Amino acid sequence: MTEVEVVQLLVSPTHRLAGRPADGPSPVSVEELVLRAEVRGGLGLVGDRYFGQRVHRDAAVTLMSAEHLPLDIDPNVDLRQTRRNVLLRGVDIDSLVGSTVTLDCGFGPVTFSLNRPARPCAWMDVTIGPGAHRALRGKGGVRATPLTDGVLAVGEATFSVVTPAAQPGPR
């Protein structure tokens, strides 16, 4: 187990980055940063735009490492600009693609399957600043499926790898 910090949680009922980046993001209709988020296995974060969306079942929740935020481009960047759901400090989440992990914020462990990288898009240069798209390549977070129900909360948490990613066999 590793001690980590859940720095921020974002639950957004709408997809704000639609259309062309030059048009800018849609306005915020509700406060998207929350202190607690309910998780439902196989469905995502209750109230989030990807909750229960069949096409996003393997990518319902996105986790990102705070250490990878491009603070040199914008020192105030957070989940509202990156559009990820869970910002963690203390673990390189990008290196764990293919793993099954748990995150326990004091309400019991929530298990996630870390399925694939969350690749940054051209919107990052608009929402964060020029060069952010390039700076986040390989460090944009991980798209995950929650496997169990639970609660995530901002603050101290424990993180553990339940099943490491499969290592490629010899060629």
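How many bridges join β1 to β6, and in which sense do the two strands run? In this predicted model, four bridges link β1 to β6, and the two strands are antiparallel. One facing pair in this pairing can be named: L9 stands opposite V86 of β6.

The overall make-up of the protein sets the context. Eleven strands and three helices are present. Along the sequence, the order is β-β-β-β-β-α-β-β-β-α-α-β-β-β. The protein has 171 residues, and 46% of these are buried. Among contacts with a separation of 6 or more, 75% are between residues 24 or more positions apart. The accessible surface amounts to about 8,600 Å². Carbon and sulfur atoms hold 53% of that surface.

Strand β1 spans residues 2–10. Besides β6, β1 also pairs with β11, which covers residues 155–163. This pairing is antiparallel and comprises five bridges. Within it, E5 has E156 of β11 as its bridge partner.

Strand β11 has a further pairing, with β7. Strand β7 runs from residue 100 to residue 104. Five bridges connect β7 and β11, again in the antiparallel sense. Here V101 stands opposite V161 of β11. Strand β11 is thus paired with β1 and with β7.

Strand β6 also takes part in two of the pairings described here. One is the antiparallel pairing with β1. The other is with β5, residues 61–65. Strands β5 and β6 pair in the parallel sense, over three bridges. The bridge partner of S65 is L88 in β6. Taken in order, the pairings link β5 to β6, β6 to β1, β1 to β11 and β11 to β7.

A backbone feature lies just ahead of β6 in the sequence. The loop between α1 (79–82) and β6 (86–89) contains R83. The phi of R83 is near 65 degrees. That value is positive, and R83 is not a glycine. Most residues other than glycine have a negative phi. Is R83 buried or exposed? Its relative accessible area is 7%, so R83 counts as buried, the cut-off being under 20%. R83 therefore combines a positive phi with a buried position in the loop that leads from α1 to β6.

Key:
Residues numbered from 1 in each chain as written. Predicted model: local features only at pLDDT ≥ 70, side-chain atom pairs only at ≥ 80, totals over all residues. Heavy atoms only, no water. Buried < 20%, exposed > 50% of the residue type's maximum accessible area, 1.4 Å probe, protein only. Pairing = 2+ DSSP bridges. Contact = heavy atoms within 4.5 Å. Areas by Shrake-Rupley, 256 points an atom, 1.4 Å probe, with all protein chains shown as cover.
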